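Student: I should like to understand the reasons behind the terms applied to this structure. May we go through them one at a time?

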Amino acid sequence: MTTLKSKLQDDLNAAIRGRDELRSSTLRLTLSAITNQEVAGKEKRELSDDEVQKVIAKEAKKRREAADAFEKGGRAESAARELAEGEILAVYLPQPLSDAELEQIVGQAVEEARAAGAEGPRAMGQVMKIANPKIAGRAEGGRVAATVKRLLAG
């Protein structure tokens, strides 16, 4: 078992013992999502810590989107629960990049792409290819793409 997955399991056991319903249900759902990912495909495999982190990030994003939907639907109590679940999952994710950090990384990627001969909006794919490994799950793709577009245009 990977270290991150075993930490989730240990935290789940502690939450169950402490009768923390919100934390235990959130961690149960996350662990089941990880297990589903492990058994998806032709044969079962163990996920690496990076892959487990991606599953956790996906689950956290689902919580944020559900909270927005509940908020728009006038269900503040459900939205608050989804946000609380998202905060629990955020503990297991790396610190997200600030706007300034993201802009700096993307700016460097734009310079590298331009040095390689890429110009204008067509360079977006090359810039994303350079920037994504440096960002590695610390910022959402839409946010990164918007920053790339803005820096390429300006």
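Tutor: We shall discuss a predicted model, beginning with a single residue and then turning to cores and pockets.

Student: Why is Ser24 called buried?

Tutor: The relative accessibility of Ser24 is 8%. Buried means under 20% relative accessible area, so Ser24 counts as buried. Ser24 belongs to helix 2, which covers residues 21-39.

Student: What is Ser24 in contact with, leaving aside its neighbours within four places in sequence?

Tutor: Ser24 is then in contact with Leu12, Ala15 and Ile16. Contact here requires heavy atoms within 4.5 Å. Leu12 also appears in a core of 15 residues, which includes Ile34, Leu89 and Tyr92 as well. That core is the second one and is separate from the largest.

Student: What makes a set of residues a nonpolar core?

Tutor: The residues must be buried, of nonpolar kinds such as Val, Leu and Ile, and joined through side-chain atoms within 4.5 Å. The largest nonpolar core has 17 residues. Those with the most contacts inside this core are Leu102, Val106, Val127, Ile135, Val144 and Val148. In general, nonpolar side chains tend to be buried together in soluble globular proteins.

Student: Which helices each supply at least two residues of the largest core?

Tutor: They are helix 5 (99-115), helix 6 (124-135) and helix 7 (141-153). Helix 5 provides the largest share, 6 residues.

Student: Which residues does Val148 touch, not counting those up to four places away in sequence?

Tutor: Val148 touches Val106, Met124, Val127 and Met128.

Student: How many residues line the largest pocket, and which lie nearest its centre?

Tutor: The lining has 25 residues, with Ala57, Arg64, Leu93, Gly137 and Glu140 nearest the centre. The space in this pocket is about 680 Å³. Helix 3 gives the most to the lining, with 9 residues.

Student: How many residues of each class are in that lining?

Tutor: The lining of the largest pocket has 11 charged, 9 nonpolar and 5 polar residues. Asp, Glu, Lys and Arg count as charged; therefore Arg64 and Glu140, both in the lining, belong to the charged class.

Student: What is the volume of the second largest pocket?

Tutor: The volume of the second largest pocket is about 160 Å³. Among its lining residues are Ala33, Gln37, Arg45 and Lys62. Helix 3 gives the most to this lining too, with 6 residues. By class, the lining of the second largest pocket has 6 charged, 3 nonpolar and 1 polar.

Definitions and conventions: Residues are numbered from 1 along each chain as its sequence is written. This is a predicted model: local features need pLDDT of at least 70, side-chain atom pairs count only at pLDDT 80 or more; totals for chains, interfaces and linings use all residues. Side-chain values use heavy atoms; hydrogens and water are left out. Buried means under 20% relative accessible area, exposed over 50%, partly exposed in between (1.4 Å probe, protein chains only). Helices (H or I, at least four residues) and strands (E, at least two) are DSSP runs, numbered from the N terminus. On a 1 Å grid over the protein atoms alone, a cavity is a set of points where a 1.4 Å probe fits but cannot get out, and a pocket is an open set with protein on both sides within 12 Å along at least five of seven lines; lining residues have an atom within 4 Å of a point. Grid points are joined across faces, edges and corners, and a volume is the space filled by probe spheres set on the points.
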